[in-house]
Amino acid sequence: MKSPANLPLNSGALLHTLMASTSDGIVVTDANGTILMINPAFTRVTGYSADEAIGQKTSLLRSGRHDRAFYETLWAALETENQWKGEIWNRSKSGEIYLEWLRIFRVVDPEHGAVRHIGIFTDITDHHRAEERELTGDDRDALTGLMTRTRFLQRLEAAVRHARQTGAHVGLLIVNIDRFRRINEHFGHAVGDTVLVSAAHGLRRRLPAGDAIARLSGDEFAILLSAVSDARLLTEVARSLQQGITAAGDAAGLTTPLTASVGLALMPEDGDTPDELMRHAAAAVDEAHKQGDAGIACHSSSAAARTGQRFRLEAALRRAIRTQAFTLVYQPRIDMRRHTLVGAEALLRWHDPDLGEVSPATFIPVAEETGLIREIGDWVLEEVARTAAIWRQTDLPAIPLAANVSALQLSDDRIVEHVRHLLHKYGLPPSALQIEVTETALIRDADRARTVLSGLRACGIQVSLDDFGTGFATLSALRDLPVDEIKIDRSYISPLDQASVDRADMEIVRMIVALGGALGKDIVAEGVETERQAALLRGMGCNLAQGWLYGRPMPLQHLMGQARRSAGILSGQE
Ligand code: C2E
Ligand code: MG
Ligand code: MG
C-alpha cells in the first residue's frame, strides 16, 4: 500500500510532524524527568522555549499546589502501570498557575533501550475560564459579580462527582470577613458594599481561573479548589486569600486592617458529598472565628481536636469512677400552694483535679456513649438509696428522692433487680425512691424501655418523664407511657416570665397541665425562677415545681435544713 506522499516514512520525522501540529503540549523526558524534547504547544502553554526547557527537570513547572505524596503516587503509577493520568496544577514561566489534564506514558526507546516518559497535556484552565465568562445574570451575585451560591453548589456537585470517578481530591474553603457588621454599622452600607466588592476582587485575583469562587451570603465567600490534595496546601491558599482580603481593605481606604477567617474541608477526608463538605467547612469557619481574627481551621484537625478532648474526658471519667470523685446534690421539689418540700432530685456533680467542675450536661453524654453510665448510674442509685435511709432515720417528714436514669440503663432488666436489691439492703419502702427518664430514653428502644419501666413500677417505684416537650412524645402518646408524673421542660416555663406573656406559650403549658391531670399524672414545672412564673402555674392548676426560686441543687445537709424549716412552717401554721 502506498503511503500518503506528504507523510514522512521515518518514524522520528513522523513524531516530529505530529508534535508540531498538535494543540496538546508534549514533553519527552528521560527516566529521571530531565526534559529531552518539547513541542510548540508546550511553549505556548508554559512560556518556556526549547532552549530554556531542554536539559531542565520537569519540576521546573511545579506550582507548589501538590504535596510530595501526590508526585510519589504519580511516579509509582509510572513504575508499575507504565502510565499516569489526571489533573495537575503547573506554573508557567510568567508565574501563572494553570490546570492541565496530563497523561504520561512510560516507554522504552527501541533504538537505545532507554526509558522515556512522554507527557501529553491539555490546558483546561480555559475551559473553566470560558465557563466563568458564560455565567448568566442569574448565576451572578448582583453586587460582586461572583457566582451565586446555587451555581456554586452545582459546580461543587460536579467536582465531587468527577473526584469520585477519578479519585482526585476536592478542597473547599469558606472565607468569612471578621467583624464585618462593625464596618456596616460604623461607615454605612455603601462603604460596606464597596469593601465586599474589593474583597471579592482581592480573592479572585489570588486564584487561578480554574477555581470556582462564589459569594455565599453577606460577607461569606466559598472557593472550590480542584486537584489540591492536602490540608497543608489548602492552608497556604487560605493564607494567600487572607492577604488578598487585607489588601482589599487597604485599597478601600479602611484604617484598621480588614481580616477574614477561613474554614477548610477536603474531600475525601472531611466528607464525600457536597452537603457534608459545605457543613464541615462552615463548622471549620466557626472554629476559626474562635481563634480570634484571621483564624484558619481545618475540619479534620478541629474534629481531631474535639476527638482528643473527648478522649481526655473519657479517661478522666474512668479515673473519677475509680477514685469515687462524684458527689450528689439535691434540688428541692416544692408544693407551691402549701410551700412545703415534697421531694428532691439527685443531680450528679463532678470535680476533676485537672478539668475542674464538669457539668453533667457535658459528661453524661460521654458516659452514655462509652457505656460508663452503667457504672455511674449504679453508683447514683445506691447513693440515693443510702441517703434515703439516712433521711428516714431523722425526724424529718419522709420525702421521695429522685434519681435520673439514662436510656442505656433501661436496655436490660438489671436495673429492676438492682433497685429491688437496694430497697431490701437499706430497708426502704418503694415510695422512698423515684426514677426520672427522658422522652428520648423511651423512644430509643421503646418496647424494652417500657418493659423495664413497668418492672420498676411493679416494685412500687414512681417514674417521672423528665424534660417533657424536648423529645418526640406527643400529648396523645402520654396516655400509654408507663409514667406516673410529667416534668415540663424548663424551655416551656422560661417564657412565662416575660412581662407580657405570649398567649401561645401560656396555652401550651395550660394544655400539658390539663391533659396530664386528666390522665391522672402529676405535673411538675421545671426551672421555675420567678414569682410571676409560679403564680401563672398555680393559676393553671400546676402546683408542683422545681427551680431556683425554691432552691438550687444543694448538698444533703442544706436540704435537710430546708426540710426542717419547711416542716417548722407547716407545724407553725397548724
Ligand atoms: P434534669 O434532670 O432535667 O435536671 C434539671 C437541670 O436543670 C439541672 O441541671 C438543674 O441544676 C437545672 N435547673 C434546675 N432548676 C433550674 C432553674 O430554675 N433555672 C435553671 N437555669 N436551671 C435549673 P444539671 O444539674 O446541670 O443537670 C443537667 C442534666 O444532666 C439533668 O437534667 C439530667 O438530664 C442530667 N443528669 C444530672 N445528674 C444525672 C444522673 O445522676 N444521671 C443521669 N443519667 N443524668 C443526670
Ligand atoms: Mg431530671
Ligand atoms: Mg429535666
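Three elements, strand 12 (340-352), helix 12 (360-370) and strand 16 (462-468), each put at least two residues into the shell around ligand 1. Strand 12 is the top contributor, with 4 residues. Keep in mind that this is a predicted model. Below is a quick tour of ligand 1 and of the magnesium ions, ligand 2 and ligand 3.

**The shell around ligand 1**
- Ligand 1 has 21 residues around it, and the closest are Q331, E345, D466, E529 and W548.
- By residue class, the shell splits into 8 nonpolar, 5 polar and 8 charged.
- As for where ligand 1 sits, the space it takes up is the largest pocket.

**Polar contacts of ligand 1**
- R349 brings a polar side-chain atom to 2.9 Å from an oxygen atom of ligand 1.
- E526 does something similar, with a polar side-chain atom 3.1 Å from a ligand 1 oxygen.
- With W548 it's the backbone that takes part: one of its polar backbone atoms is 2.9 Å from an oxygen atom of ligand 1.
- Taken on its own, ligand 1 has 800 Å² of accessible area, and the protein covers 84% of that.

**Magnesium ion, ligand 2**
- The donors here are E345 (OE), N404 (OD1), E436 (OE) and D466 (OD), at 2.1 to 2.2 Å.
- Along the sequence, those donor residues follow the spacing E-x58-N-x31-E-x29-D.
- E345 belongs to strand 12 and E436 to strand 15 (residues 433-438), so this pair ties together parts of the chain that sit 91 residues apart in sequence.

**Magnesium ion, ligand 3**
- D466 (OD) and D467 (OD) coordinate this ion, and E526 appears twice in the donor list through OE atoms, with distances running from 1.9 to 2.7 Å.
- The sequence spacing of the donor residues reads D-D-x58-E.
- D467 in strand 16 and E526 in the loop between strand 18 (522-525) and helix 19 (531-540) are 59 residues apart, and the pair links distant parts of the chain.

**Where the sites meet**
- The two magnesium ions, ligand 2 and ligand 3, lie 4.0 Å apart, with D466 as the bridge between them.
- D466 turns up in the ligand 1 story too, being one of the closest residues to that ligand.
- E345 also plays two parts: it coordinates the ligand 2 magnesium and is among the residues closest to ligand 1.
- E526 likewise does double duty, as a donor to the ligand 3 magnesium and as a polar side-chain contact of ligand 1.

How values were computed. Residues numbered from 1 in each chain as written. Chains lettered and ligands numbered in written order. Predicted model: local features only at pLDDT ≥ 70, side-chain atom pairs only at ≥ 80, totals over all residues. Heavy atoms only, no water. Near = heavy atom within 4 Å. Polar contact = N/O pair within 3.5 Å; in protein donor to acceptor, adjacent residues only side chain to side chain. Areas by Shrake-Rupley, 256 points an atom, 1.4 Å probe, with all protein chains shown as cover. 1 Å grid on protein atoms, 1.4 Å probe; cavity = no way out; pocket = protein on both sides within 12 Å on 5 of 7 lines; lining within 4 Å. Sits in = over half its atoms within 2 Å of the grid points. Nonpolar A, V, L, I, M, F, W, Y, C, P; charged D, E, K, R; others polar. Donors = N, O, S within 2.8 Å, 3.2 Å for Na, K, Ca; no water.
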